[in-house]
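Student: Hey, got a minute to walk through this one with me? I'd like to start with the overall layout and then poke at some details.

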Amino acid sequence: MKNTVIAAATIAAFAAGMASAHADPVKVGMITTLSGGGASLGIDSRDGFLLAVKQSGTKDIEVIVEDDAQKPDLAVQLADKLIQSDKVDVLTGIVWSNLAMAVVPSAVAQGKLYLSTNAAPSQLAGAGCNANYYSVSYQNDNLHEAAGEYANTAGMKKVFIMAPNYPAGKDSLAGFKRFYKGEVVSEIYTELGAKDYAGEIAQIRASGADGVFFFLPGGMGISFMKQYAGAGVDVPLIGPAFSFDQNILQAVGDAALGVKNTSTWSKDLDNQANKDFVAAYQAEYNRLPSIYAAQGYDTANLLISAMAKAAVSDQAGFRTALEAANFKSVRGKFSFGPNHHPIQDIYVREVVKEGDIYTNKIVATAMTDHADAYAADCKM
């Protein structure tokens, strides 16, 4: 698998003609998924991060980007290289929670900072928290918790729930059940990366459910929604934003119209930072951003804000600067809880079509200033 390296010279070229705002260089190792069925998620994470670096004008960030191909063993090898050979200060970029669990504990134990653009498993939010680990995205359960709350307000009494069999999948169903007050008629864990959902759809049809909650990111969501629409099952779907990002929606098409999903971000969030981000991302990449791009963008801006306050070599001071989260998030309100996971609002979105583009619009707020369920177990 060919890896991509974006060196300091490239970042400097991005920022040509702009003055640097920071004096202390930071080397960032980004391990993300750039090939295979989950590639669009990693590409968006990378592109959002690099856009923020470009906009900042700094020449003091070197970003080395590596493709994990969604393989935990490869992610571990890349992390070892970045830490031991490339001497990075900060790691970031992992999309998948099983890869995060393979990489993050060792990286932070070696004194490296890890800023998560996406994966945020419960193990790293509670007893496994670490002063060097920050989730800039959410905690894995959060969007699913909001979906459970939405299912209550939507009057769903019996829900069929399903997710892939890996850490984020388990967190997703735990999160949904934490807030859902009705009956879970069936709980299924599918194979990670599965493409055929005929068996699960048959079980949904026979279950008597009046709603289906599913978490199937990337290509899994595309396959499921197309097959579900083709099977003609008349049971409403709800899910988290990961199954309804911009890339998935274009591939699914009309089958996704009207489906509700929960998200901490949407392109129509009414704050200036978000308006500027959406416009800049479209101009740079000729496509709408996804939640992965938004999180990558916020992660870079968090890093840049800390660089303005402290040298990365002063790790205690740099951690304090990160904890302050003194940047303009595209999500609007953003702060860290005591376990370095976000406190933020979560929205209900509906899939719509604008011209030829499938996208989302906010229709309600599911939760306000929502934190995660594991902070009390964190003894940082």
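**Helix first, then the big picture**

Student: Okay, change of plan, helix α3 first: which of its residues are buried?

Tutor: Keep in mind that this is a predicted model. In α3, the buried ones are Leu74, Ala75, Leu78, Ala79, Leu82 and Ile83.

Student: And where do they sit around the axis of α3?

Tutor: Looking down the axis, the buried residues of α3 fall within an arc of 165°, so they line one face of the helix.

Student: What do those buried residues pack against?

Tutor: Three strands and a helix: β1 (26-32), β2 (61-67), β3 (90-92) and α4 (97-109).

Student: How many residues does α3 have, and what's its reach?

Tutor: Helix α3 covers residues 72-84, which is 13 residues. From first C-alpha to last it reaches 18 Å, close to the 18 Å expected at 1.5 Å a residue.

Student: What about the loops on either side? Which residue between β2 and α3 has a positive phi?

Tutor: Gln70, which is in the loop between β2 and α3. Its phi is about 65°, although Gln70 is not a glycine. Gln70 is partly exposed, at 23% relative accessible area.

Student: And in the loop between α3 and β3, what's there?

Tutor: Lys87 lies in that loop. Lys87 also has a positive phi, near 55°, and isn't a glycine either. With 56% relative accessibility, Lys87 counts as exposed.

Student: Zooming out now, how is the chain divided?

Tutor: Into domain 1 (2-140 + 269-344) and domain 2 (142-264 + 346-376). Their C-alpha centres are 26 Å apart.

Student: How many residues of each domain are in contact with the other?

Tutor: On the domain 1 side 33 residues, on the domain 2 side 31. Between them the two domains bury about 2,600 Å², with 58% of that on carbon and sulfur atoms.

Student: Then the largest nonpolar core: which residues touch the most other members?

Tutor: Phe224, Phe277 and Leu303, out of 121 residues in that core. Helix α11 (residues 291-307) supplies the largest share, eleven residues.

Student: Why does the core lie between the domains?

Tutor: Domain 1 and domain 2 both give residues to this core, so it lies between them.

Student: Last one: what does Phe277 touch?

Tutor: Leaving out residues up to four places away in sequence, Phe277 touches Leu51, Trp265, Pro289, Ala293, Ala294, Tyr297 and Val330.

Note on methods
Residues are numbered from 1 along each chain as its sequence is written. This is a predicted model: local features need pLDDT of at least 70, side-chain atom pairs count only at pLDDT 80 or more; totals for chains, interfaces and linings use all residues. Side-chain values use heavy atoms; hydrogens and water are left out. A nonpolar core is a set of buried Ala, Val, Leu, Ile, Met, Phe, Trp, Tyr and Cys residues joined through side-chain atoms within 4.5 Å. Buried means under 20% relative accessible area, exposed over 50%, partly exposed in between (1.4 Å probe, protein chains only). Helices (H or I, at least four residues) and strands (E, at least two) are DSSP runs, numbered from the N terminus. Domain bounds come from an automatic or database domain assignment. Contact means heavy atoms within 4.5 Å. The expected span of a helix is 1.5 Å times one less than its number of residues. The arc is that of the directions from the helix axis to the C-beta atoms. Buried area is the accessible area (1.4 Å probe) that two parts lose on being put together, summed over both.
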